[in-house]
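This report describes how strands, helices and nonpolar cores are arranged in one protein model, and is best read with the structure open beside it.

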Amino acid sequence: MRIVIAGGHGQIALRLERLLAARGNEVAGIIRKAEQGDDLREAGAEPVLLDLESASVEEVAAHLQGADAAVFAAGAGPGSGLARKDTVDKGAAVLFANAAVRAGVRRHVVVSSMGADANHRGDDVFDVYQRAKGEADDHVRGLDALDWTILRPGALTNDAGTGLVRLEARTGRGPVTRDDVAAVVAELLETPATAGLTLELVGGSTPVSVAVKAVAGN
């Protein structure tokens, strides 16, 4: 498969790129800074220089043309301030999904956040973030032209992945390693029967492939 990843230099994205490339996929990662390109090449991905905060739908769609799947793994990141929650966590996610529709790329996986909710209340940065992610998720779920899966991981850690997770519509809060999130995304991409599902993910006791097959009904 050819897979295009938004937020290609993110911590989950770099892990995902390595996994997908090792499985023989052709991977491209969208980045904002040219100096990030070497890290993507090292991971086995082709860097695509494009700013999702200023690009048009047509520009993004041009880079998605011919892809088999798209993954939104971008984020404004901690310390980015309120405005970028709207322009990246919501705006870029909406733009990327609309561009996937324009380019005819049906398979679409979003790395969201546990607790994302368009009706989330509060004015703290994290409240605004949860609202932005929820609004973006709602937009994606409203696009009939996409075979979407929304993945909502719990608290992310940099511990070594265990390959053991809990993946369900509702898991309750808990930590999960970035390694294991990337592994689950890679498995979701190869499991089209997970389209139309919004899933929560935390560390658990079920092997990744078994957990994904279970939610797919296999």
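Which strands does α5 lie across, and at about what angle does α5 run to β6? In this predicted model, helix α5 lies across β4, β5, β6 and β10, and its direction makes an angle of about 160 degrees with β6. The same helix, residues 125-141, belongs to a right-handed β-α-β unit together with β5 and β6.

The strands named above are part of an open sheet of 9 strands with mixed pairing, in the order β3-β2-β1-β4-β5-β6-β10-β8-β11. Its edge strands are β3 (46-49) and β11 (206-207), each of which pairs on one side only. Strands of a sheet pair through backbone hydrogen bonds, either parallel or antiparallel. Three of the parallel pairs are set out below.

| Strand pair | Bridges | Direction |
|---|---|---|
| β1 (residues 2-6) and β4 (residues 69-72) | 4 bridges | parallel |
| β5 (residues 107-111) and β6 | 5 bridges | parallel |
| β6 and β10 (residues 197-203) | 5 bridges | parallel |

Within these pairs, Ile-5 has Val-71 of β4 as its bridge partner, Val-110 has Ile-150 of β6, and Thr-149 stands opposite Leu-197 of β10.

Strand β6 (residues 147-153) is largely enclosed by the rest of the structure, because 6 of its 7 residues are buried. Leu-151 touches, leaving aside residues up to four places away in sequence, Val-110, Val-111, Ser-112, Ser-113, Leu-167, Val-181, Val-184, Val-185, Leu-188, Leu-199 and Leu-201.

Leu-151 is also one of the residues that touch the most other members of the largest nonpolar core, which has 34 residues; the others are Ile-5, Val-71, Val-184 and Val-185. Helix α6 (residues 178-189) supplies the largest share of this core, with 8 residues. A second, separate core has 32 residues, among them Ala-61, Ala-67, Ala-99 and Val-140.

Where do the buried residues of helix α3 sit around its axis? The helix spans residues 57-64, and Val-57, Val-60, Ala-61 and Leu-64 are buried in it. These residues lie on the same side of α3, because they cover an arc of only 100 degrees around the axis. An α-helix has 3.6 residues a turn, so residues three or four places apart point the same way. After α3 comes Gly-66, which has a positive phi near 85 degrees.

How values were computed
Residues numbered from 1 in each chain as written. Predicted model: local features only at pLDDT ≥ 70, side-chain atom pairs only at ≥ 80, totals over all residues. Heavy atoms only, no water. Buried < 20%, exposed > 50% of the residue type's maximum accessible area, 1.4 Å probe, protein only. Helix = DSSP H or I, 4+ residues; strand = E, 2+ residues; numbered from the N terminus. Pairing = 2+ DSSP bridges. Right-handed = clockwise from strand over helix to strand, strands pointing away. Core = buried A, V, L, I, M, F, W, Y, C linked by side-chain atoms within 4.5 Å. Contact = heavy atoms within 4.5 Å. Axes fitted to C-alpha atoms, helices over the stretch in contact; angles between N-to-C directions. Arc of directions from axis to C-beta.
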